[in-house]
Amino acid sequence: MEVILVCFLLSTLDRLPYKLEIAMLAIFSIICLYGMLASLANAIFLKDLLPLGPPVLKAQKKELTERPPPPCPIANSRLTSGLITISKLLDSSGVCGIPTDTVYALAASCRHPKAIEKIYNIKDRPAEKPICICISNLEQLAAVRPPFSTLLWEFMRNVYPGGISCIVKKGEWLSRLGVGPAYDRVGTKDSIMIRVPDHTVTAHLCNMTGPLAITSANPSGEPDSTHHDMVITRLGHKLNGVLCDGESNEVVASTVVNCLKIDEGIITIIREGCVPAVKVRQIFEKVKTSVA
């Protein structure tokens, strides 16, 4: 290469013989062609099939900064070991961030009322705001035989699993469901909100732990968490673990429907979330017609 550079310099000064100039250009062309073919072959086969010399210009490597360790244990929702890790933490009176079919939630086992109290402290939630329960499927609810009307059952069969939360009347059936110790810590004095998420991970977790008390995983008054990184950053230092599942399926929480007067033909949309209120009412009118 040094010889070629000298030849280029002499050619610029018109001091290079013509024949030597032709030879220099031929050699330079061959070098360029070889370099192109060698780079292409090595890139395609991901091996150094054709040797290349050291690069003339070297890019400075950025120093890799080590990410700080997470403030709490994290688990992968796609691994069975991840679900087992979080279920053990919940069974040990822990509070964990978990994915749902809407936004991320804080969860505590209904077997541990004190863990439910921790949720209020973790997110600075006002004491007068009730926490709902999450179960894996409607069959789990039917097995404990709550005294629901045919209309209410049919409505729930049409909205569960999914992004709708139904408020129903409390009763002894909650103890048979596994909510016994947390009866006074979830819902209000007379009612309870039930979630049956359309989310495989959440359903498996509920099958492992029993009913969970859940609420959105965000400091009270702030936007919902739509990625596990948001949960870790905002609340990780207060949690016992986070089940990581990437982006949420929705950017808003569930739609809350008051079903306490459903037998009178009345439902009330308490909060419009991922399911539009119009769609909820359409489902209800369809159910009323089928039951009548």
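Patches here are groups of residues with over 30% relative accessible area and no salt bridge (a side-chain nitrogen of Lys or Arg within 4 Å of a carboxyl oxygen of Asp or Glu), where like charges are joined within 9 Å and nonpolar side chains (Val, Leu, Ile, Met, Phe, Trp, Tyr) within 5 Å. This is a predicted model, so local features need pLDDT of at least 70 and side-chain atom pairs count only at pLDDT 80 or more, while totals for chains, interfaces and linings use all residues. Residues are numbered from 1 along each chain as its sequence is written, and side-chain values use heavy atoms, leaving out hydrogens and water.

**View A. A nonpolar patch on the surface is made of L33, M36 and L37.** Together they have about 290 Å² of accessible area (Shrake-Rupley method, 1.4 Å probe, only the protein chains shown counting as cover). L33 sits in helix 2, residues 18-45 (helices are DSSP runs of H or I, at least four residues; strands are E, at least two; both numbered from the N terminus). Why is L33 called partly exposed? Because its relative accessible area is 46% (buried is under 20%, exposed over 50%, partly exposed in between; 1.4 Å probe, protein chains only).

**View B. Meet I192, in strand 6 (residues 191-195).** I192 counts as buried because its relative accessibility is 0%. I131 is 61 residues away from I192 in sequence, with 8.2 Å between their C-alphas. Skipping neighbours within four places in sequence, I192 is in contact (heavy atoms within 4.5 Å) with several residues, including I131, W173 and L174.
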